[in-house]
Amino acid sequence: MPQFLFALLEEKIVGCVGVALQDFVSCADLYPFLITLYVAESHRKKGIAQCLIRHAKNDCQAQGFTSLYLCTDLRGFYERF
């Protein structure tokens, strides 16, 4: 860690997400964190963010983590995941 996952469409990056041991908050006992989720505006609402988050969660589980944390002011988007 950190690691980044990319969503490709026709060999072009249309989204990305990162996983890191720390975020900008100082919570040394909480890790890993989901960071830097981005999907190009023209490709939003197509399930790309959901797919990126699912892959990040699966990668964390495969490494033995039981939680994946997030620090954000964005309400209503991440709760469904």
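Pro32 is placed in the loop between β2 and β3, where strands are DSSP runs of E of at least two residues and helices are runs of H or I of at least four, numbered from the N terminus. The peptide bond that joins Tyr31 to Pro32 is cis, with omega near 0°. The model is predicted, and local features need pLDDT of at least 70, side-chain atom pairs count only at pLDDT 80 or more, and totals for chains, interfaces and linings use all residues. Residues are numbered from 1 along each chain as its sequence is written, and side-chain values use heavy atoms, with hydrogens and water left out.

**Loops and backbone angles**

Two residues other than glycine have a positive phi in loops, as listed below with their accessibility; exposed means over 50% relative accessible area, buried under 20%, and partly exposed in between (1.4 Å probe, protein chains only).

| Residue | Loop | Phi | Relative accessible area |
|---|---|---|---|
| Glu10 | between β1 and β2 | near 55° | 76%, exposed |
| Lys45 | between β3 and α1 | near 65° | 87%, exposed |

A glycine also takes a positive phi: Gly64, just after α1, at about 95°.

**Helix α1**

Helix α1 spans residues 48-62, which makes 15 residues. From its first C-alpha to its last it reaches 21 Å, close to the 21 Å expected at 1.5 Å a residue; the expected span is 1.5 Å times one less than the number of residues. The buried residues of the helix are Ile48, Ala49, Leu52, Ile53, Ala56 and Cys60. Seen down the axis of α1, these buried residues fall within an arc of 135°, so they line one face of the helix; the arc is that of the directions from the helix axis to the C-beta atoms. An α-helix has 3.6 residues a turn, so residues three or four places apart point the same way. The cover over the buried residues of α1 includes the strands β1 (3-9), β2 (12-20) and β3 (33-39), contact being heavy atoms within 4.5 Å. On the face turned away from the buried side, α1 carries the exposed residues Gln61 and Ala62.

**Aromatic residues**

Four aromatic pairs occur in the structure. Rings of Phe, Tyr and Trp (its six-membered ring) pair if their centres lie within 6.5 Å, and planes under 30 degrees apart count as stacked, over 60 as edge-to-face and the rest as tilted. One of the pairs is Phe77 with Tyr78, which is edge-to-face at 4.9 Å centre to centre and 90° between the planes. The ring centres of Phe77 and Phe81 are 5.4 Å apart and their planes lie at 65°, so this pair is edge-to-face. Phe77, Tyr78 and Phe81 form one aromatic cluster. Within the cluster, Tyr78 is buried, at 18% relative accessible area, whereas Phe77 is partly exposed at 23% and Phe81 is partly exposed at 28%.

**The largest pocket**

The volume of the largest pocket is about 290 Å³. Of the 15 residues that line this pocket, Val39, Arg44, Lys45, Ala49 and Phe77 are the closest to its centre. Both β3 and α1 supply at least two residues each to the lining. On a 1 Å grid over the protein atoms alone, a pocket is an open set of points where a 1.4 Å probe fits, with protein on both sides within 12 Å along at least five of seven lines, and lining residues have an atom within 4 Å of a point. The volume is the space filled by probe spheres set on the points.
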